[in-house]
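Here are a few exercises for getting to know a structure you haven't met before. Try each task yourself, then read through the solution.

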Amino acid sequence: MSAIRKVLLITLLFAAPAFAHDAPLGWAYGAECCSMTDCWQEKGGAILETPTGYRVIVTGELIAYGDSRIKPSRDQFFHRCTVGADPKGRRSICLYVPPRSL
């Protein structure tokens with residue numbers, strides 16, 4: 001492979017945009033949560049911390065703190081996954097939660 005082709009390949013790898021299964025900041029959602037389009041970054045205030053778990057405001061769903069669907073977010077935002085990426089989906093597949101320090 002020529003040097004030009006190598007440089008071009010490396011450039012394309014690092015310049016590629018995030019894929020549909022990636023968060024906006026480029027980290028990948030877990031395969032157990034996403035079918036390439038099921039996850040998204042929630043808007044501020046869409047998820048509320050309660051004494052017993054995380055409340056999804058739009059649906060009222062409560063995801064208990066010990067629920068295996070809770071995953072660590074790699075940024076300061078909540079991310080939620082539902083079948084077909086339906087924000088009104090009554091059952092979340094996964095909820096990515098930012099570190100409490102953020």
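**Exercise 1: a pair of strands**

In which sense do S1 and strand S6 (residues 79–81) pair, and over how many bridges?

*Solution.* Start by finding the two strands in this predicted model. S1 and S6 pair in the antiparallel sense, with 3 bridges between them. Next, pick out one bridge: Trp-40 has Arg-80 in S6 as its partner. Now widen the view to the whole sheet. It is an open sheet of 4 strands in the order S1-S6-S7-S5, and its pairing is mixed. At the edges sit strand S1 (39–41) and strand S5 (70–72), each of which pairs on one side only. As a last step, look at the twist: on average, neighbouring strands here are turned by 20° against each other, direction ignored.

**Exercise 2: the other sheet**

Work out the strand order of the open sheet of 3 strands, then walk through its pairings.

*Solution.* The order is S2-S3-S4, and the pairing is antiparallel. S2 and S4 are the edge strands, each pairing on one side only. Neighbouring strands of this sheet are turned by 25° against each other on average, again ignoring direction.

Take the pairings in turn:

- Strand S2 (residues 47–49) meets strand S3 (residues 53–56) in the antiparallel sense, over 3 bridges.
- Within that pairing, Glu-49 has Tyr-54 in S3 as its bridge partner, and Ile-47 stands opposite Val-56 in S3.
- S3 and strand S4 (residues 62–64) also run antiparallel, joined by 3 bridges.
- Here Gly-53 stands opposite Ala-64 in S4.

Then check the turns. The hairpin from S2 to S3 passes through 3 residues. The hairpin of S3 and S4 has 5 residues between the strands, and there Gly-60 takes a positive phi near 85°.

**Exercise 3: a loop residue by S3**

Find Thr-52 and say which residues it is in contact with, leaving aside its neighbours within four places in sequence.

*Solution.* First, place it: Thr-52 lies in the loop between S2 and S3. Its contacts, sequence neighbours aside, are Leu-62, Ala-64 and Tyr-65. Now compare sequence with space for one of them: Thr-52 and Ala-64 are 12 residues apart in sequence, while their C-alpha atoms are 5.8 Å apart.

**Exercise 4: a serine in a loop**

Is Ser-92 buried or exposed? And which side chain does it join in a polar contact?

*Solution.* Begin with the location: Ser-92 lies in the loop between S6 and strand S7 (94–97). Its relative accessible area is 1%, and the cut-off for buried is under 20%, so Ser-92 counts as buried. For the second part, the side chains of Ser-92 and Glu-61 are joined by a polar contact of 2.7 Å. Finally, see who else is around. Not counting residues up to four places away in sequence, Ser-92 touches Val-56, Glu-61, Ile-63, Arg-69, Arg-80, Cys-81 and Thr-82.

**Exercise 5: the cores**

List the residues of the largest nonpolar core, then follow the contacts of one member.

*Solution.* This core has 9 residues: Ala-23, Trp-27, Tyr-29, Cys-33, Cys-34, Cys-39, Cys-81, Cys-94 and Tyr-96. Let's follow Cys-81. Neighbours within four places in sequence aside, Cys-81 is in contact with Cys-33, Asp-38, Cys-39, Trp-40, Ser-92, Ile-93, Cys-94 and Tyr-96. Apart from the largest core lies another one, of 7 residues, including Val-56, Phe-78, Leu-95 and Val-97.

**Exercise 6: the whole chain, and how far to trust it**

How many helices and strands does the chain have, and which element has the lowest mean pLDDT?

*Solution.* Count first: there is 1 helix and there are 7 strands. From the N terminus on, they run α-β-β-β-β-β-β-β. Of the 102 residues in the chain, 35% are buried.

Now turn to confidence. The chain averages a pLDDT of 83, and 78% of the residues score at least 70. Helix H1 (residues 3–15) has the lowest mean among the elements, 42, while S4 has the highest, 98. Over residues 6–20 the pLDDT is below 50, and this stretch has 5 contacts in the model beyond near neighbours in sequence. Where pLDDT is low, the predicted coordinates shouldn't be read in detail.

Terms used: Residues numbered from 1 in each chain as written. Predicted model: local features only at pLDDT ≥ 70, side-chain atom pairs only at ≥ 80, totals over all residues. Heavy atoms only, no water. Pairing = 2+ DSSP bridges. Helix = DSSP H or I, 4+ residues; strand = E, 2+ residues; numbered from the N terminus. Axes fitted to C-alpha atoms, helices over the stretch in contact; angles between N-to-C directions. Buried < 20%, exposed > 50% of the residue type's maximum accessible area, 1.4 Å probe, protein only. Polar contact = N/O pair within 3.5 Å; in protein donor to acceptor, adjacent residues only side chain to side chain. Contact = heavy atoms within 4.5 Å. Core = buried A, V, L, I, M, F, W, Y, C linked by side-chain atoms within 4.5 Å. pLDDT = per-residue confidence, 0-100.
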